[in-house]
Amino acid sequence: MDNLGNLLDGFANVVTPMNLLIALLGVTIGTAVGVLPGIGPAMTVALLLPVTYGMEPTQAFIMFAGIFYGGMYGGSTTSILLNTPGESSSVVTAIEGNKMAKAGRAAQALATAAIGSFVAGTIATLLLVVVTPPVVQFAISLGAPDYFALMLLSFVAVTAVLGASRVRGFASLLIGLVIGVVGIDQTGQQRLTFGIPQLADGIDVVVVAVGIFAVGEALWIAAHLRRRAAEVIPVGRPWMGKQDWKRSWKPWLRGTAFGFPFGALPAGGAEIPTFLSYTTERKLTKHPEEFGRGAIEGVAGPEAANNASAAGTLVPMLAIGIPTNATAAVMLAAFQQYGIQPGPLLFERESGLVWTLIASLFVGNLLLLVLNLPLAPAWARLLRIPRPYLYAGILFFASMGAYAVNAQPFDLFLLLTLGLLGFGMRRFGLPILPLIVGVILGPRAELQGRRALQLSGGELHGLLGGWVSWTIYAVVLVVLLWPVLGRFVVRGVRERLVTR
């Protein structure tokens, strides 16, 4: 009941005229930027992170919640009308969505994506309210060794599970850890500052996020896409017929059931549940002949899974302070921007802020539905912006935002350097998420590791802790050794089949 009362207090904070206006502004900006080709939710949040700088924290996070959900909504428009997913989790939506658009059913595809996102977002946010407090209670019981083990698991998960190469994943993580340790350490010693005074306080995580995501992605896409605007499939006002509703509501619910749990897992992300949802709908459908040609179930399920996964990422981020995907990592940077540390004490120290943020997710989700259904044709017109103007604008706003953080020209040099680093990482296939996780969690892992060693008098067994850390280390070993173990298992199965 306390949680329900806190949530109602959060709604009371959100529904004031000014805060509603800020929520509307957030979802509008988030959707508009998320619609643009090649700009996924993570880049949207990173690019617009400086917009909230200088605002009062509660209002900033209301806008930020709108930007977060708006970026998720906007990606479906690009996937359906342009066949250009903003990120990997939108690939599955494009498979059937673009085929529907080419068959003259773009309105129905956009409608089922928007309504499915609303349904999934609402249910997943309710689950967030129910699940997060117990996770917080569990997190309070953890000690320094357990937190160190959790962060080690995050490092291993995002490097070993994501991407095509573990070597590239660990290389990206190492770069992030190096960036994260720049500045003065806890003993007062300078590290990797090279005698530059501006580096003594470290590299601001906002500058890193904007540089790696926004500038790096803008440089990469501008270097590879055509100069002219893409050909966009015309669309009227989104609507759904009776048969469309009948074929969509079950995929919405199944997609939500897939998305939320995977979003809360380290490196779970939205890619796996969207593919699982697509595969499930393909097996359960009564219209198998339409799959591959524009089946509405293939849009409804994956899009619901994508948005439910987004809400799931907030559980470990708010309760433990650990991001599970790139968007959550940038959101964590937003908390740090205000000197707020997500984790088990967040609900105690910043209770009003947290429950206002959760309440604003409900409000933003509703505003997005009201906004997206009538304005889908207007969002489609944004896709006609010529590429040079589009990416020049992104670079301009990224530079202005990064400069606003500390008002130091040196940050612009850092922004350009990090943007070129992001461009190079994309060129050589290094994943971005391990770098961001390394920058954010690296200093925190060092802090928890130091505490654990201090408690044990410098003995390494101090990092082991209790059963939680032992379990986590066992999972880490399985993840690291799985390629070798899997090879032996497959070989053993083959030998048994041959002997038979």
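Which helix is the place of Asn 372? I looked it up: Asn 372 is in helix H16, which runs over residues 351–382. A reminder to myself before going on: this is a predicted model.

**Entry 1: Asn 372 and its far-off partner**

Next I asked whether Asn 372 is buried or exposed. Its relative accessibility is 6%, and buried means under 20%, so Asn 372 counts as buried. Then I checked Asn 372 against Thr 31. The two are 341 residues apart in sequence, yet their C-alpha atoms are 8.4 Å apart in space.

**Entry 2: helix H4**

I moved on to H4, which covers residues 57–82. How far apart are its end C-alpha atoms? I got 37 Å. With 26 residues at 1.5 Å a residue, H4 should span 38 Å, so the two values agree. I had to remember that the expected span uses one less than the number of residues.

I also looked at how covered H4 is. Of its 26 residues, 23 are buried, so I wrote down "mostly covered".

**Entry 3: rings**

I went looking for aromatic pairs, and the structure holds 9 of them. I started with Phe 61 and Phe 64. Their ring centres are 6.4 Å apart and their planes meet at 75 degrees, so this pair is edge-to-face. Over 60 degrees is what counts as edge-to-face.

Both of these Phe residues sit in H4, 3 residues apart, which puts about one helical turn between them. My textbook-style note: an α-helix has 3.6 residues a turn, so residues three or four places apart point the same way. Phe 61 and Phe 64 are both buried, too.

Then I tried Phe 68 and Tyr 69. This aromatic pair is stacked, with 5.6 Å from centre to centre and 25 degrees between the planes. How buried is each one? Phe 68 has a relative accessible area of 1%, so I put it down as buried. Tyr 69 comes out at 2%, and it counts as buried as well.

Back to Phe 61 and Phe 64: they belong to one aromatic cluster with Phe 335 and Tyr 338. I also found a charge sitting over a ring. The charged end of Arg 427 is over the ring of Phe 428, 5.1 Å from the ring's centre.

**Entry 4: helix H14**

Phe 335 sent me to H14, where it is one of the buried residues. The helix covers residues 326–337. I ran the length check again: 12 residues at 1.5 Å each should span 16 Å, and the end C-alpha atoms are 17 Å apart, which agrees.

H14 is mostly covered, with 11 of its 12 residues buried. Among them are Val 330, Met 331, Leu 332 and Gln 337. What follows this helix? I found Gly 339 there, and its phi is positive, near 70 degrees.

**Entry 5: the second largest pocket**

I gave this pocket a page of my own. Its volume is about 470 Å³. It has 25 lining residues, and the closest to its centre are Gly 180, Val 182, Asp 201, Gly 202 and Pro 443.

Which elements give two or more residues to the lining? My list reads helix H8 (166–180), strand S1 (183–184), helix H9 (205–224), helix H14 (326–337) and helix H19 (433–455). H19 gives the most, with 6 residues. Sorted by class, the lining has 13 nonpolar, 6 polar and 6 charged residues.

**Entry 6: helix H11**

Two residues caught my eye in H11, which covers residues 271–284.

- Ser 277 is in H11. Its relative accessible area is 0%, so I noted it as buried. Ser 277 and Ala 300 are 23 residues apart in sequence, with 9.2 Å from C-alpha to C-alpha.
- Arg 282 is in H11 as well. At a relative accessible area of 45%, it is partly exposed. Arg 282 and Ala 295 are 13 residues apart in sequence and 9.0 Å apart in space, again C-alpha to C-alpha.

**Entry 7: a loop residue**

Last stop, Ala 103. Where does it lie? It is in the loop between helix H5 (91–102) and helix H6 (106–140). Its relative accessibility is 54%, and exposed means over 50%, so Ala 103 counts as exposed. I also checked Ala 103 against Arg 293: they are 190 residues apart along the chain, and 8.4 Å separates their C-alpha atoms.

Note on methods
Residues numbered from 1 in each chain as written. Predicted model: local features only at pLDDT ≥ 70, side-chain atom pairs only at ≥ 80, totals over all residues. Heavy atoms only, no water. Phe/Tyr/Trp six-rings, centres within 6.5 Å; stacked < 30°, edge-to-face > 60°. Helix = DSSP H or I, 4+ residues; strand = E, 2+ residues; numbered from the N terminus. Buried < 20%, exposed > 50% of the residue type's maximum accessible area, 1.4 Å probe, protein only. Lys NZ or Arg CZ within 6 Å of the ring centre and 35° of its normal. 1 Å grid on protein atoms, 1.4 Å probe; cavity = no way out; pocket = protein on both sides within 12 Å on 5 of 7 lines; lining within 4 Å. Points joined across faces, edges and corners; volume = space filled by probe spheres on them. Nonpolar A, V, L, I, M, F, W, Y, C, P; charged D, E, K, R; others polar.
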